[in-house]
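Please look through the sequence and the model shown here before reading on. The report that follows moves from single residues to the sheet and then to the helices.

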Amino acid sequence: MANPSSGLFHLVMIKPSHYDDDGYPIQWFRSAIPSNTLACLNGLAEDARRRQVLGDVDIRLHTYDETNRRVRPDRIIRMVRRAGGKALIALVGVQSNQFPRAVDLARPFLAAGLPVCIGGFHISGCIAMLPETPKEIRDAQDIGISFFAGEA
């Protein structure tokens, strides 16, 4: 395992899928439309890396679109630990039907001590339109997940 490097930051962006009626994540060999949210956020992160907005930090971007790629938290955790540095796991563009899957994906990252945030329509809509925070969001906050209004 590599020594942690304060000059290395992994931004892991995951666009989660959602569960089918039997509780399995829906995935396709080839998706019809790749995630626009993931592509846009990756572009913004690439620009931040290029401009060195974090100073002298090597920002490594990792993108996963679960609709067409299996997301293996255990492998992502090992990759981050081997390389060292800090990391943020960002579950992006999360819609209401994807929120349960996003929380399930977050659990192993949290257990490994990696910070997790969720952004997207579900969070944004709940914050903007509901008089109080729904129970599923409060429960997710209780296990350590942070939330952002907007896509991420």
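## A residue in a loop

Gln 52 counts as partly exposed because its relative accessibility is 49%, where buried means under 20% relative accessible area, exposed means over 50%, and partly exposed lies in between, with a 1.4 Å probe and protein chains only. Gln 52 is placed in the loop between α1 (36–50) and β2, and its phi is near 55°, a positive value in a residue other than glycine. Most residues other than glycine have a negative phi.

## How the model is described

This is a predicted model, in which local features need pLDDT of at least 70 and side-chain atom pairs count only at pLDDT 80 or more, while totals for chains, interfaces and linings use all residues. Residues are numbered from 1 along each chain as its sequence is written, and side-chain values use heavy atoms, with hydrogens and water left out. The helices (H or I, at least four residues) and strands (E, at least two) are DSSP runs, numbered from the N terminus.

## The sheet

An open sheet of 5 strands has the order β2-β1-β3-β4-β5, with parallel pairing, where two strands pair if DSSP finds at least two bridges between them. Its edge strands are β2 and β5, each of which pairs on one side only. Neighbouring strands of this sheet are turned by 20° against each other on average, direction ignored; such angles run from 0 to 180 degrees between N-to-C directions, and the axes are lines fitted to C-alpha atoms, for helices over the stretch in contact.

Strand β1 (residues 8–15) is mostly covered, since 7 of its 8 residues are buried. β1 pairs in the parallel sense with strand β2 (residues 58–65) over 8 bridges, and with β3 in the parallel sense over 6 bridges. β3 in turn is joined to β4 by 3 bridges, and these two strands run parallel. Some of the facing residues are listed in the table.

| Residue | Opposite residue or bridge partner | Strand of the partner |
|---|---|---|
| His 10 | Arg 60 | β2 |
| Val 12 | His 62 | β2 |
| Phe 9 | Lys 86 | β3 |
| Leu 11 | Leu 88 | β3 |
| Ala 90 | Cys 117 | β4 |

Is Lys 86 buried or exposed? Lys 86 counts as exposed because its relative accessibility is 57%. Lys 86 is found in strand β3 (residues 86–91), and its C-alpha atom is separated by 16 Å from that of Ala 45, a residue 41 places apart from Lys 86 along the chain.

## The helices and the sheet

Helix α2 lies across β1, β2 and β3, and runs at about 170° to β1. Helix α3 also packs on the sheet, where α3 touches β1, β3, β4 (116–120) and β5, and the direction of α3 makes about 165° with that of β4; contact here means heavy atoms within 4.5 Å.

How far apart should the ends of α3 be? At 1.5 Å a residue, the 13 residues of helix α3 (residues 99–111) should span 18 Å, and the end C-alpha atoms are 19 Å apart, which agrees; the expected span is 1.5 Å times one less than the number of residues. The buried residues of α3 are Phe 99, Arg 101, Ala 102, Val 103, Leu 105, Ala 106 and Phe 109. An α-helix has 3.6 residues a turn, so residues three or four places apart point the same way. After α3 comes Gly 113, whose phi is positive, near 85°.

The axes of helix α2 (residues 73–83) and α3 come within 10 Å and cross at roughly 35°. Pro 73, Ile 76 and Ile 77 of α2 make the contact with Leu 105, Pro 108 and Phe 109 of α3. By class, this contact of α2 with α3 has 6 nonpolar, no polar and no charged residues.

In helix α4 (residues 121–129), the buried residues are His 122, Ile 123, Gly 125 and Cys 126. What covers these buried residues of α4 includes α3, β4, α5 (135–142) and β5.

## After the strand β5

Gly 150 lies in the segment after β5 (146–149), and Gly 150 counts as partly exposed because its relative accessibility is 27%. Not counting residues up to four places away in sequence, Gly 150 touches Gly 119, Gly 120 and Ser 124. The C-alpha atoms of Gly 150 and Val 94, which are 56 residues apart along the chain, are separated by 9.7 Å.

Note on methods
Nonpolar A, V, L, I, M, F, W, Y, C, P; charged D, E, K, R; others polar.
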